[in-house]
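Here are my notes on the structure, set out as numbered points. They follow one strand first and then move outward.

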Amino acid sequence: MTVRTTVAWLTLLTLLLLLCSSCESGGNYRNANYRFGGGVSFGGTYGGYAWRYRPGYPVYPGRPPDIDLPDIDEPIAVPLPSMGMPDMGGGDFGDFD
Amino acid sequence: MSRVVIRASKHPIGGRCLPVLLMLAALFVAGCEGTPGEQPDLNITRPVSPVSPLPTETWRPGMVVWADLVTPDLAGAVEFYSAVFDWRFVISEDQDYAEASYLGEMVGSFALYHDDAEGSDEGRWLISISVSNVDAAAAEVVRRGGEIIVAPEDLPNRGRYTLIRDAEGALCMLLRAKGGDPAEQAPSRHNWMWAELFSRNPGQAAAFYGAVVGYRSRQVVDKDGAKYLVLGLGGKARAGVVALPWEGVDPNWVPCLLVADVIETLRKVQDHGGSVVFAAGGDPEYALVADQNGAVFAIQEREME
């Protein structure tokens, strides 16, 4: 390796190091105050079965074969409620004032 | 802003490698600008961000202004959401807090949390609802049969907040954001578009949040004739209330992400350790999924204006 090549490499490495240092900005505040519980228990499960699928809506009657869904134990004779943001067909949700 | 770890090359450095090195430098600079899907950096210290990148000094009570994921496996969660939604992260030095963004827009934050008391290893999404006065809202929570989990306190940059459990047990945060709430804008892909409360008694739940947040409730009929209970305030619809159809599932707030393709997203969720909790049949436009640690959220595809 010639002296010229070595100098070129050192210059490039210096450039890279400068780039590294410029991308590490962001202040030095650490989220020590960011806490949710403070020893208070609030996590845990969503219930007896958490959100694990329980019996038994006729979910996915035409689902793609590679989507793995839990087995359905038995159907429930309860109509499925609407879920998700309603599509008002271009209309709005009405007055909430 | 991320730092890329460049591994030492086994090959001798020579003049012929210069183009490669320059390419590496160019890639590195591109990485600093935030390319979706890039491997997360685990060595950055960064402040907790405000809910709005620029101060708006405008507050919109009732707006769902933030979402936090509390998880016992923060690194796993970062990997999951990076892979499924192309979210990018900055992670605290202690690797106990991270903030997610998609194409430069903040999505929410992740906090490492171990609930040793309950021995649970499930994650959980928590939404933050804007309120005019956190302390007054917290007092109303108690009056209405709810519970204060974290008493009102100030979080630097974020604002004054309280973590509550409503009268049915659903958890959420009430926040008076420092600098104001985010501006109104149409939901964007891979970001939050809606939030739903799954409730045993939607009417009572609407009354609870009406008293605490000030929500007005309205039953709407969508274009397919389906009825749906909407909570709104200030002229805007902000969230929905769904009658919980499952036994053994407690009431919960569930944030909903806008996706381009539900089926494709379900595949990605499963490919990366998540699970499908519920999806309607046929060609679903909505599904409930859980991440690799069981934190439940919804996905929905929709043409947004």
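1. In this predicted model, B:I129 of strand β5(B) stands opposite B:L174 in β8(B). The two strands run parallel and are joined by three bridges. On its other pairing, β5(B) meets strand β1 (residues 64-71) of chain B in the antiparallel sense, over six bridges. There B:L69 stands opposite B:W125.

2. Strand β5 covers residues 124-130 of chain B, and seven of its seven residues are buried. B:R124, B:L126, B:S128 and B:S130 point one way, while B:W125, B:I127 and B:I129 point the other way. In a regular strand the side chains alternate between the two faces of the sheet. For β5(B), the residues pointing either way are all buried, and that includes the arginine B:R124 and the serines B:S128 and B:S130.

3. B:W125 also belongs to the largest nonpolar core, which has 31 residues. The members that touch the most other members are B:Y81, B:W87, B:F110, B:W125, B:F297 and B:I299. Helix α2 (residues 74-85) of chain B gives the most to this core, with seven residues.

4. B:Y81 is found in helix α2 of chain B. Its relative accessible area is 0%, so B:Y81 counts as buried. Leaving aside neighbours within four places in sequence, the contacts of B:Y81 include B:L69, B:W125 and B:F297, and also B:D86 and B:D291. B:Y81 and B:G274 are 193 residues apart in sequence, yet their C-alpha atoms are 10.0 Å apart in space.

5. B:F297 can be read alongside B:Y81. Not counting residues up to four places away in sequence, B:F297 touches B:F80, B:Y81 and B:F85, and also B:W125 and B:W192. Its other contacts include B:V254, B:P255, B:L257, B:A287, B:L288, B:V289 and B:D291.

6. Which residues of helix α3 (residues 134-143) of chain B are buried? They are B:V134, B:A137, B:A138, B:E140 and B:V141. These residues lie on the same side of α3(B), because they cover an arc of only 160° around the axis. Their cover includes strands β6 (147-155), β7 (159-165) and β8 (171-177), along with helix α4 (202-212), of chain B. Strand β8(B) is thus part of this cover and also pairs with β5(B).

7. The ends of α3(B) can be described as well. At the N-terminal end, B:N133 acts as a cap, with a side-chain oxygen 3.0 Å from the backbone nitrogen of B:D135. After the helix comes B:G145, whose phi is positive, near 90°.

8. Two residues other than glycine deserve a look for their backbone angles. B:L103 has a positive phi near 50° and sits in the loop between β3 (97-102) and β4 (105-112) of chain B. B:H190 has a positive phi near 65° and is found in the loop between β8 and β9 (192-199) of chain B. B:L103 is exposed, with a relative accessible area of 59%, whereas B:H190 is buried, at 6%.

9. Some totals for chain B follow. It has five helices and 16 strands, and 54% of its 305 residues count as buried. Among contacts with a separation of 6 or more, residues 24 or more positions apart account for 65%. The chain exposes about 12,700 Å², of which carbon and sulfur atoms supply 50%.

Definitions and conventions
Residues numbered from 1 in each chain as written. Chains lettered and ligands numbered in written order. Predicted model: local features only at pLDDT ≥ 70, side-chain atom pairs only at ≥ 80, totals over all residues. Heavy atoms only, no water. Buried < 20%, exposed > 50% of the residue type's maximum accessible area, 1.4 Å probe, protein only. Helix = DSSP H or I, 4+ residues; strand = E, 2+ residues; numbered from the N terminus. Arc of directions from axis to C-beta. Contact = heavy atoms within 4.5 Å. Polar contact = N/O pair within 3.5 Å; in protein donor to acceptor, adjacent residues only side chain to side chain. Areas by Shrake-Rupley, 256 points an atom, 1.4 Å probe, with all protein chains shown as cover. Pairing = 2+ DSSP bridges. Core = buried A, V, L, I, M, F, W, Y, C linked by side-chain atoms within 4.5 Å.
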